[in-house]
Amino acid sequence: MSVTKRAYKLAQRCPRLAWYSERHRSPLDETIRWRIDVGNRIGEYARRRYPTGVLLPWRDGLEATKEAIADTSNSVLFEPSFQVGSLVTRADVLERVPGGWRLIEFKSGASVKPDYEQEAFFQAYVMGLCGIPIEDVCIGFVNTAYRWPGDVDYDHNELLQVESVWARKDKVMPKVDAGIRIAEAALASEEAPAKHLARKCFRPDDCEFLEKCHPEGTSGTIFHIPDLNWRAADKLVESGIVFSADLTDQSELNESTIRTLAAIRTGKPDYDPGLQVALDQVKFPALFLDFETVGSAFPLFAGTRPYEDIQFQWSGHMVDYAAQPESEWRHFEFLPEGAEDPREDFCQTILPLLREAATVVHYSPYEERQLGALNRAEIPGSQECLDLLKAKQWDLMVAIKDNVFHPDFKGKTSIKVTLPTLVEGFSYDGLNIKDGQAAQIGYLRMIDSQTPPEIAAQTREDLLAYCKLDTEAMVRIYQALCLAILPS
Ligand code: SF4
């Protein structure tokens, strides 16, 4: 079985994950397909930087690469392929330089990251074994300082920037060498490599094979304790403690962790008296508010930069008194119909609600940050929006984090977790758009002129339903917390 760049990367996280992934390819979800599309577009702009470059075919790529390298009139090769033993790789750009070649790996991120270095040096390693003298390794990435003037194609020299990481060769290459051995051993194995319940199963996200590896479930593990930092978790695992029930020495834990552990043991949530104080700070009418934003590698509107946040949608539920029934809530929303810059209308439509509300309830400091960004971009109305929000804001997530120690939060306080935990019968499960990442992709699809109108219209409906549930969820959680602390 071949050790590709992908398999190598997966094996760094967990050899068993690489083994499974090679045998059980999951269908690509929308987020992954979107990332691939972005990567392909980055590749197209990267190639424009080298007008004399020769694009090599994927089919019979090894042979074509050999011939292209032998032809000294070729100064730049795109997508050259290499194979040695079980190791296979294909580079983005290979540029002939005095004494050998410069390898350039283009990425859609906004800076050089350790992962990118590892991938680039993996390629350099394979090429070195193929007898290609590598004299430099560079990472190309998106330049967030580039301000797109609009009405013209992106300037490929400005959109992307290239940085050499060659000086890191002696640090990274030994890791790549060790990593390749791990990946080769994992993939060559007849049996799946050993499983361990460890941090890697949950970070950077829940492993897709979690249920396959741990069918007994993972609830009650130390990885679901909030505020337990990962270094401390690693130490506990090394000493044989994986389940929080085995954590008898609590001397180094903070109070909220100890209370969460107690809640996990008893199976009952613990509400701090401070919750009452926090909930009492909400004055009515209260506006429960949520924003959606998008950050695209390719600037969307004139005067914006790559990955600059564009605030395209908001939802607000105005509630006139704490126990007000759902039938009396007033719902407001904003999402543009067309592909124009939405930011001024975003501010102007929300202003009357911010003026009316006595308290503005949000979930995390995200809304304040976004209004700050609108203000820095000098969007009309944003200054007043920001001033009003700062004067009236109340953070529901902070109230939960500080005062609710729930056995089922599993170390998370995102609204996707707290809604179904605190409000029975409600979750994001039935929606077509279920999270912020999907909302970003949905918005980009909706404003794309290539999208068929019926799909754009459906996507708009999905976006409205998603953002509406975010603010409905906040009201329901707020009311559930009020009920939870009522004296019985
Ligand atoms: S669940 Fe854990 S042990 Fe299993 S493949 Fe994933 S990371 Fe590896």
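Biologist: I'd like to start with aspartate 205. What is its relative accessible area?

Modeller: This is a predicted model, and in it aspartate 205 has a relative accessible area of 44%. Buried means under 20% and exposed means over 50%, so aspartate 205 counts as partly exposed.

Biologist: Which residue forms a salt bridge with aspartate 205?

Modeller: Here's the general idea: side chains of opposite charge can pair when their charged atoms come close. In this case the partner is arginine 13, with the closest N and O atoms 3.4 Å apart. The pair links distant parts of the chain, 192 residues apart: arginine 13 sits in helix α1, while aspartate 205 is in the loop between α7 and α8. Arginine 13 is also partly exposed, at 22% relative accessibility.

Biologist: How many salt bridges are there in the whole structure?

Modeller: A search finds 30. Take glutamate 472 and arginine 476, whose N to O distance is 2.9 Å. Both lie in helix α18, four residues apart, or about one turn of the helix. Glutamate 472 is buried, at 14%, and arginine 476 is buried at 14% too.

Biologist: Now helices. Where do the buried residues of α14 lie around the axis?

Modeller: First, who they are: Ser382, Cys385, Leu386, Leu388, Leu389 and Lys392. They cover an arc of only 165° around the axis, so they're on the same side of α14. Among the elements they pack against are β10, α12 and α13.

Biologist: And which residues form a nonpolar patch on the surface?

Modeller: Leu28, Ile32 and Ile36 do, with about 240 Å² of accessible area together. Leucine 28 is in the loop between α2 and α3.

Methods. Residues numbered from 1 in each chain as written. Predicted model: local features only at pLDDT ≥ 70, side-chain atom pairs only at ≥ 80, totals over all residues. Heavy atoms only, no water. Patch = residues over 30% accessible without salt bridge, like charges linked within 9 Å, V, L, I, M, F, W, Y side chains within 5 Å. Areas by Shrake-Rupley, 256 points an atom, 1.4 Å probe, with all protein chains shown as cover. Salt bridge = Lys/Arg side-chain N within 4 Å of Asp/Glu carboxyl O. Helix = DSSP H or I, 4+ residues; strand = E, 2+ residues; numbered from the N terminus. Buried < 20%, exposed > 50% of the residue type's maximum accessible area, 1.4 Å probe, protein only. Arc of directions from axis to C-beta. Contact = heavy atoms within 4.5 Å.
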